[in-house]
Amino acid sequence: MSTEQREGTEPGGGKEEQSARRDAVKTANRSLTFKLLCFAIGSFGFGFALVPLYDVLCSVTGVGDQKVLARAAVVTEKPDLNRTVTVDFIAELPSVGNWEFRPLVSSLQVHPGKLYEAQFFAHNLLGHDTIAQAVPNIAPSKAVAYFRKTECFCFSPQHFAIGEEKVMPVRFYVDPGLPGYIDRIALAYTFYDPSTMGSVRK
């Protein structure tokens, strides 16, 4: 083929290549648009699914789920009566705020595998309505994986009217798999009033 013939065919080949590129870009754009649309629809649907998803989470983790509490009662059928673990309850308050917060009992002797309940008392002395959040801490750290709460006031913020008093339960059991060298566990709660958090950080 002569040089002139090759030069004559190049423009046509260039147009075909450009057309192919444009088609590829259009296809990619359509694919991206479809993915974004699916993402938007999925995000919108997720908002409506939050409540049932929370129910599923509760059913898996036992967080605030009464059905799990009923099933957890099965654990009480085979507690390890040959072993006793001391669980200490500790209530802590930040350096600011005006609350009364304490456990109703300071400790319990528990058998691993059996469900127990402890209660904490809280009294709002701030002079206004508020919402407070309890943040738990378990010691020693090796015991965290074996201390199972089936119901707890720490699972969600607690609303308090001015001057309101509450007795708040925590239901738990110690997993029988707890290492034998651990015979004492501390369950501590720090009770925060979000309105005072700024002062705490200063």
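## A tour of the aromatic pairs

Twelve aromatic pairs turn up when the whole structure is searched. The model is predicted. A pair of aromatic rings is described by the distance of the centres and the angle of the planes.

**Stop 1: Phe120 and Tyr189.** Select both rings. Their centres are 5.1 Å apart and their planes stand at 80 degrees, so this pair is edge-to-face. Now colour the strands. Phe120 belongs to strand E4, and Tyr189 to strand E9 (residues 184-192). The pair links distant parts of the chain, 69 residues apart. Phe120 and Tyr189 are buried.

**Stop 2: Phe160 and Phe191.** Select these two next. They also make an edge-to-face pair, with 5.9 Å from centre to centre and 85 degrees between the planes. Phe160 sits in strand E7 (residues 158-160) and Phe191 in strand E9, so the pair ties together parts 31 residues apart in sequence. Phe160 and Phe191 are both buried.

**Stop 3: Lys166.** Stay on Phe160 and add Lys166. Lys166 lies over the face of the Phe160 ring, 4.7 Å from the ring centre.

**Stop 4: the cluster.** Which residues do ring pairs link into a cluster? Select Phe89, Trp99, Phe101, Tyr116, Phe120, Phe147, Phe153, Phe160, Phe172, Tyr189 and Phe191. Both pairs from the earlier stops have their residues in this cluster.

**Stop 5: Gly113.** Keep Phe172, one of the cluster residues, in view. Add Gly113, in the loop between strand E3 (107-110) and strand E4 (116-124). Is Gly113 buried or exposed? Its relative accessibility is 1%, so Gly113 counts as buried. Measure from C-alpha to C-alpha: Gly113 and Phe172 are 9.6 Å apart in space, and 59 residues apart in sequence.

Methods: Residues numbered from 1 in each chain as written. Predicted model: local features only at pLDDT ≥ 70, side-chain atom pairs only at ≥ 80, totals over all residues. Heavy atoms only, no water. Helix = DSSP H or I, 4+ residues; strand = E, 2+ residues; numbered from the N terminus. Buried < 20%, exposed > 50% of the residue type's maximum accessible area, 1.4 Å probe, protein only. Phe/Tyr/Trp six-rings, centres within 6.5 Å; stacked < 30°, edge-to-face > 60°. Lys NZ or Arg CZ within 6 Å of the ring centre and 35° of its normal.
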